[in-house]
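This briefing sets out how the helices and strands of one chain are arranged. The sequence and structure are shown first, and the topics follow in order.

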Amino acid sequence: MSTPTENEQGIWLTQEAHDRLKAELDQLVAGRPAMAAEINARREEGDLKENGGYHAAKEEQGKQEGRIRQLTDLLRKARVGEPPATATTAELGTVITIRFQGDEETEKFLLGSREIAGTTDLAVYSPESAMGSAILGSEPGTSVTYRAPNGRDITVEVVAVEPFVP
């Protein structure tokens with residue numbers, strides 16, 4: 001069984017997270033003229049080969065433009081809404097409790113976009129991550145094994161699934 005990824009089903013965001021990201025995007029776009037003026041001012045300082053201020057301003061502009069593209073794409077794909085009212089399987093907008101094989105402690109996290117992390121105290125795992133994609137669609141009591149970025153196979157048991165309460 002193949003479960004859809006964020007790219008296929010959209011990125012779930014709370015209204016609060018969407019509004020925060022939209023405000024950040026608007027602020028970055030509004031700052032473009034000031035950044036262009038800063039670059040022009042630094043260019044006037046002389047030889048561009050030895051002009052650290054110019055190169056720093058160009059680098060900052062590149063970072064801002066990258067974030068603008070990232071936010072634009074994210075907001076275009078976003079599905080804004082309430083988390084699921086009930087939850088029986090691990091899906092976007094649910095809080096998952098897992099236990100790593102051989103460990104008695106449990107870990108609780110929200111399955112969703114990392115951009116939500118600023119609006120909750122929970123850890124947030126993307127469904128695109130190794131663990132997130134492995135548990136997507138799993139019910140409590142299910143054990144899944146996934147390959148971590150370091151190459152190790154890790155087995156976790158899904159202990160509980162509950163709706164996210166912002």
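In this predicted model, helix 3 contributes Arg 32, Met 35, Glu 38, Ile 39, Arg 42 and Arg 43 to a contact with helix 4, where the partners are Gly 53, Tyr 54, Ala 57, Lys 58, Glu 60, Gln 61, Gln 64, Glu 65 and Ile 68. Sorted by class, the residues of this contact are five nonpolar, three polar and seven charged. UniProt lists two domains for the chain in an unreviewed entry, an N-terminal one at residues 11–80 and a C-terminal one at residues 88–162.

**N-terminal domain record**

- The UniProt entry, which is unreviewed, gives residues 11–80 as "Transcription elongation factor GreA/GreB N-terminal".
- Over residues 11–80 the chain is 77% helix and 9% strand.
- The C-alpha atoms at the two ends of residues 11–80 are 8 Å apart.

**Helix 3 against helix 4**

- Helix 3 covers residues 32–43 and helix 4 covers residues 52–77.
- The two helices pack at an angle of about 160°, and their axes are 8 Å apart.
- Helix 3 and helix 4 are therefore roughly antiparallel to each other.
- The crossing of helix 3 with helix 4 is left-handed.

**Helix 2 against helix 4**

- Helix 2, residues 15–30, has an axis that comes within 10 Å of that of helix 4, and the two cross at roughly 145°.
- Helix 2 also passes helix 4 in a left-handed crossing.
- On the helix 2 side the contact is made by His 18, Leu 21, Lys 22, Glu 24, Leu 25, Leu 28 and Val 29.
- On the helix 4 side the residues met are Gln 64, Arg 67, Ile 68, Leu 71, Thr 72, Leu 74 and Leu 75.
- This contact of helix 2 with helix 4 has eight nonpolar, three polar and three charged residues.
- Gln 64 and Ile 68 of helix 4 are listed in the contact with helix 2 and also in the contact with helix 3.

**C-terminal domain record**

- The unreviewed UniProt entry assigns residues 88–162 to "Transcription elongation factor GreA/GreB C-terminal".
- The chain over residues 88–162 is 8% helix and 41% strand.
- The end C-alpha atoms of residues 88–162 lie 7 Å apart.

**The five-stranded sheet**

- Five strands form an open sheet in the order 5-4-3-7-6, with mixed pairing.
- Strand 5 (123–125) and strand 6 (143–147) are the edge strands, each pairing on one side only.
- From one strand to the next, the twist averages 45°.

**Strand pairs within the sheet**

- Strand 3 (residues 94–100) pairs with strand 4 (residues 106–111) in the antiparallel sense over six bridges.
- Val 95 stands opposite Leu 110 of strand 4.
- Strands 3 and 4 make a hairpin with five residues between them, and Gly 102 in the turn has a positive phi of about 85°.
- Strand 4 runs parallel to strand 5, and three bridges join them.
- Leu 110 also stands opposite Val 124 in strand 5.
- Strand 6 and strand 7 (residues 153–163) run antiparallel and are joined by five bridges.
- Ile 154 in strand 7 is the bridge partner of Tyr 146.

How values were computed:
Residues are numbered from 1 along each chain as its sequence is written. This is a predicted model: local features need pLDDT of at least 70, side-chain atom pairs count only at pLDDT 80 or more; totals for chains, interfaces and linings use all residues. Side-chain values use heavy atoms; hydrogens and water are left out. UniProt positions are given in the numbering used here, feature names are shortened, and annotations may be inferred rather than shown by experiment. Helices (H or I, at least four residues) and strands (E, at least two) are DSSP runs, numbered from the N terminus. Two strands pair if DSSP finds at least two bridges between them. Axes are lines fitted to C-alpha atoms, for helices over the stretch in contact, and angles run from 0 to 180 degrees between N-to-C directions. Angles under 35 degrees count as roughly parallel, over 145 as roughly antiparallel, 65 to 115 as roughly perpendicular and the rest as oblique. A crossing is left-handed if the near helix is turned anticlockwise from the far one by less than a right angle, and right-handed if clockwise. Contact means heavy atoms within 4.5 Å. Ala, Val, Leu, Ile, Met, Phe, Trp, Tyr, Cys and Pro count as nonpolar, Asp, Glu, Lys and Arg as charged, and the others, Gly among them, as polar.
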